[in-house]
Amino acid sequence: MRLSIFPLPGAILFPGLALPLHIFEPRYRAMASDALARDRRIAMIQPQKGGDGAPLYQIGCVGRIGEVEALEDGRYNLVLEGETRFRLLRELDVTTPFRQVEGEAIEDDDEEVLASIERAAFEQEARAFADAQGYSVDWDSVTRLDDQTLINGVSQIAPFDFAAKQALLEAGTLSERCELLIQLMQFFALRDDDDGGRVTLQ
């Protein structure tokens with residue numbers, strides 16, 4: 001796949017989830033216009049460090065533009081809907097102001113479910129984590145979510161740093177992502193009070 005990429009630090013998209021974006025830089029306004037004129041697809045992938053042209057992580061997620069609001073000054077408000085993870089093969093030499101890569105889709109099992117003991121362990125840890133952080137959660141709604149929506153959703157919104165979320169995105173199976181989430185929540189609970197309150201993987 002030839003993909004236009006949005007290497008936005010800290011922005012992680014998972015398949016089946018939505019990511020709201022405010023597009024204001026000229027190069028990314030051009031990217032959004034190009035995507036809307038073609039297949040409405042933009043790939044989110046993390047840079048390994050700050051700065052233009054920074055090296056990229058190997059795994060990202062292709063999103064399709066759903067809702068879009070084109071503002072009069074050329075900016076966009078849009079919602080990107082995660083479709084599939086992809087593996088970076090190479091960056092392309094292009095004349096566009098935005099970066100483009102060649103990637104291959106990762107064929108995830110959309111029917112994968114957790115074992116009942118895995119789901120129970122996750123919900124137990126998530127409840128403890130939410131209580132410790134003072135989060136208000138509608139647990140009746142949570143229990144009705146399917147496994148993929150639950151695990152991917154928590155992976156995307158949890159207050160972990162970009163490296164931790166990248167590790168979650170790279171997890172090969174839903175079960176592996178669930179186990180890593182449990183470990184991260186446990187680690188988060190054990191962090192020192194003065195470390196800024198974010199899980200960091202080094």
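Which residues form a negative surface patch? Select Glu 107, Asp 109, Asp 110 and Glu 111, and you have it on screen. Patch members have over 30% relative accessible area and no salt bridge (a side-chain nitrogen of Lys or Arg within 4 Å of a carboxyl oxygen of Asp or Glu), and like charges are joined within 9 Å.

Before you go on: this is a predicted model, where local features need pLDDT of at least 70, side-chain atom pairs count only at pLDDT 80 or more, and totals for chains, interfaces and linings use all residues. Residues are numbered from 1 along each chain as its sequence is written, and side-chain values use heavy atoms, leaving out hydrogens and water.

Now pick Asp 110, in the loop between β6 (100-105) and α2 (116-133). Helices (H or I, at least four residues) and strands (E, at least two) are DSSP runs, numbered from the N terminus. Asp 110 counts as exposed because its relative accessibility is 61%; the cut-offs are under 20% for buried, over 50% for exposed and partly exposed in between (1.4 Å probe, protein chains only).

Next, go to Glu 81 in strand β5 (residues 76-91). Glu 81 is partly exposed, at 38% relative accessible area. Add Ser 4: the two C-alpha atoms are 15 Å apart, with the residues 77 apart along the chain.

Time for the inside. Select Phe 122, Ile 151, Phe 160 and Leu 168, which have the most contacts inside the largest nonpolar core, a set of 27 residues. A core here joins buried Ala, Val, Leu, Ile, Met, Phe, Trp, Tyr and Cys through side-chain atoms within 4.5 Å. Helix α6 supplies its largest share, 8 residues. Last stop: a second, separate core of 18 residues, including Ala 11 and Met 44.

Terms used: Patches are made of residues with over 30% relative accessible area and no salt bridge: like charges are joined within 9 Å, nonpolar side chains (Val, Leu, Ile, Met, Phe, Trp, Tyr) within 5 Å. Accessible areas come from the Shrake-Rupley method with a 1.4 Å probe; for residues, only the protein chains shown count as cover. Lys and Arg count as positive and Asp and Glu as negative; His and the chain ends are not counted. The place of a charge is taken as NZ of Lys, CZ of Arg, CG of Asp or CD of Glu.
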